[in-house]
Structures are given as C-alpha cells and as structure tokens.
Amino acid sequence: MPKKPPFIAGNWKMNLTLPEARKLAESIAKAATGLSEAEIVLAPPFTALGEVKKALEGSSVRLAAQNLFWEEKGAFTGEVSAPMLKDAGCQYVIIGHSERRQYFGERDAGVNKKTQAALKSGVSPIVCIGETLAERERGETMDVISRQIQGGLEGIGAGDFESLVIAYEPVWAIGTGKTATPGQAEEVHAHIREKLASWYGIGPAECAIILYGGSVKPANSFALLSEKNIDGFLVGGASLEAESFIQITREAIRAHKEKK
Ligand code: 13P
C-alpha cells in the first residue's frame, strides 16, 4: 500500500454563514473519527476560520485558508498574510486557484511569491494549476501545466515537497459537472510528477501530493483515486454537504487500500 494517506480537501469558496460553517465542520469532525486513514482538510472563507477551528478541536481534521498575500504585514488593505493564517490555526493554504486567476488576475509570478511566503511561515501551500477548455482543445494542456508548475514553484527547494501539495484542476471541469475521466486526469498527474522528477529529483517528486479537482462526487471518486498518480481531491460543491464529502472520503480510502 502506498505510504501517503489519501488527502481530501474541501474548498468551501465564498459560501456559508457562521452557523452553517459550524454545523458542517462539526458533522465532518464527528465522521472523521471513522476516517482516520485519510488526511481531511477544510478551507472555509476567512470569516469562518475561527469558528471552524473551534468545531474541529480534538479531531484530526485540518484547517486551510483559500488565499493569502505574500507580505508579512503592513498597509495592504483587505489582505491577510501567512503569519496571520498560521496564528489563526491554518496548516494549509490554497494558492492560485483558477477562480483567483480568472477573476482577480493572479499570475504564476504572484503564485510563486505566495507559495514562498506560506512555506516561510510553516503553512503548507496547496498550489492550483489547470488548463482552460480552449487550451485543451488547442492541444496545449501539457505546456500550460509545465509553465504553471515551473513559474509557480520557481526557487522552491526539494525539501519543501514534504509539505507542498499540488492540485490539478482543469478549469473546464470546475463547477460544470464535467469531470475529467480518470484517464485524462492521470495523464496530466503523471506529467506533473515526471516534470517534478526532472527538476527536483525522484524523491521529492514521489513525496509530492498531487490532488485532482473539478466536479468530484461520491460516484466518481473511487475510479479517480484508483489512478496511480492521483493522491487525493480538492472538492468544491460536493464539500458543502457533510454527507457527500464524507462519502467521497470513504470512496477514496477504499480506492487507496486497493491500490498497488
Ligand atoms: P467543484 O468540485 O465544485 O467542481 O469545484 C472544484 C474546485 O474548484 C475546488 O477547488
């Protein structure tokens, strides 16, 4: 059985009031006692980090933020830094999500600064990459992915892969109900691992956790996680209901156990 436990992260995006966030986190924390073979992570909006942290106390579920700014402190109205996230109890932070790239103009150079800032503060980055439909149709998927990893991870040391997570999220599969087939996802995941091996060496490449994201549901999670290079999921819509998120985690654990 592979060493790394399946890594299942819920990205709640811009959803949930405090009572809703508390209720969902409590249900997941309760269910997590029976799901100890997975690393479960919840990424609520900034406003709910404190509430969710309280709800997760005593459980194995980890807390993540959805974004950060690379400076440590100062006159940057509206931004939140890596030391602040650490202080708020975040073990992980999502960086460079396609929605940030699409609506807030984020680019690989900024993703890189954010990744470095997170690592410096001891918050593990979950770096998101993925091609658009137009890029896939033009046959540019692998080039886009290579460029995004190279740009986003420039200057990152091989040792950082112990705490770094990469999430492959094809933009055309996010929130559309169109999931990449296990074969399509595996092709890109294998490419990511190969690139990491060529840049950083086999050890760090094997160590890196590579998640798939884009319309993950209970019904497709077993087949996706059965693929060799898919180590877990970054779940959007289906993470907003305890039952579907828990079911995805169960399916992932089942697939992981059967993996060679
Ligand atoms: P959906 O699961 O809603 O497609 O969202 C995926 C995603 O963007 C997770 O970060």
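In this predicted model, G175 sits in the loop that links β6 (165-168) to α8 (182-200). The residue is exposed, since its relative accessible area comes to 76%, and the cut-off for that label is over 50%. That value takes only the protein chains as cover, so the ligand does not count towards it. For a sense of scale across the chain, G175 and A88 are 87 residues apart in sequence, and their C-alpha atoms are separated by 29 Å.

G175 also belongs to the ligand site. A polar backbone atom of G175 lies 2.6 Å from an oxygen atom of the ligand. Taken on its own, the ligand would expose 310 Å², and the protein buries 95% of that. Two side chains make polar approaches as well: a polar side-chain atom of K13 is 2.9 Å from a ligand oxygen, and an N or O atom in the side chain of H97 is 2.8 Å from an oxygen atom of the ligand. Besides G175, K13 and H97, the residues around the ligand are N11, E169, A173, I174, G214, S215, L234, G236 and G237. Sorted by character, this shell splits into seven polar residues, three nonpolar ones and two charged ones.

Now for the strands. Eight of them make up a closed barrel, in the order β1-β2-β3-β4-β5-β6-β7-β8, and the pairing is parallel. Going from one strand to the next, the twist averages 25 degrees.

On one part of the barrel, β1 (residues 7-11) pairs with β2 in the parallel sense, with five bridges between them. N11, one of the residues around the ligand, stands opposite A43 in β2. Strand β2 itself covers residues 39-43, and five of its five residues are buried, which leaves the strand mostly covered. Its side chains split by direction: E39, V41 and A43 point one way, I40 and L42 the other way, and all are buried.

E39 deserves a closer look, as a glutamate in strand β2. Its relative accessibility is 18%, so E39 counts as buried, given that the label applies under 20%. From E39 to E227 the C-alpha distance is 18 Å, with their positions 188 residues apart in sequence.

The story around β7 runs along similar lines. Strands β6 and β7 run parallel and are joined by four bridges, and one pairing puts Y168 with Y212 as its bridge partner in β7. On to β8: β7 (residues 209-213) pairs with β8 (residues 232-235), again in the parallel sense, over three bridges. Here Y212 turns up once more, with F233 as its bridge partner in β8. Y212 therefore has a bridge partner in β8 as well as Y168, and it sits in a strand whose five residues are all buried.

How far is β7 covered by the rest of the structure? Five of its five residues are buried, so β7 is largely enclosed. Its residues also divide by direction, with I209, L211 and G213 pointing one way and I210 and Y212 the other way; all of them are buried.

Two acidic residues elsewhere in the model round things off. E72 lies in the loop between β3 (62-65) and α3 (82-87). With a relative accessible area of 43%, E72 is partly exposed, because the value falls between the 20% and 50% cut-offs. E72 and A158 are 86 residues apart along the chain, and 24 Å separates their C-alpha atoms.

D108, by contrast, is found in helix α5 (residues 108-120). Its relative accessible area is 15%, so D108 is buried. The D108 side chain makes a polar contact, at 2.7 Å, with the side chain of R101.

Notes
Residues numbered from 1 in each chain as written. Predicted model: local features only at pLDDT ≥ 70, side-chain atom pairs only at ≥ 80, totals over all residues. Heavy atoms only, no water. Near = heavy atom within 4 Å. Polar contact = N/O pair within 3.5 Å; in protein donor to acceptor, adjacent residues only side chain to side chain. Areas by Shrake-Rupley, 256 points an atom, 1.4 Å probe, with all protein chains shown as cover. Nonpolar A, V, L, I, M, F, W, Y, C, P; charged D, E, K, R; others polar. Helix = DSSP H or I, 4+ residues; strand = E, 2+ residues; numbered from the N terminus. Buried < 20%, exposed > 50% of the residue type's maximum accessible area, 1.4 Å probe, protein only. Pairing = 2+ DSSP bridges. Axes fitted to C-alpha atoms, helices over the stretch in contact; angles between N-to-C directions.
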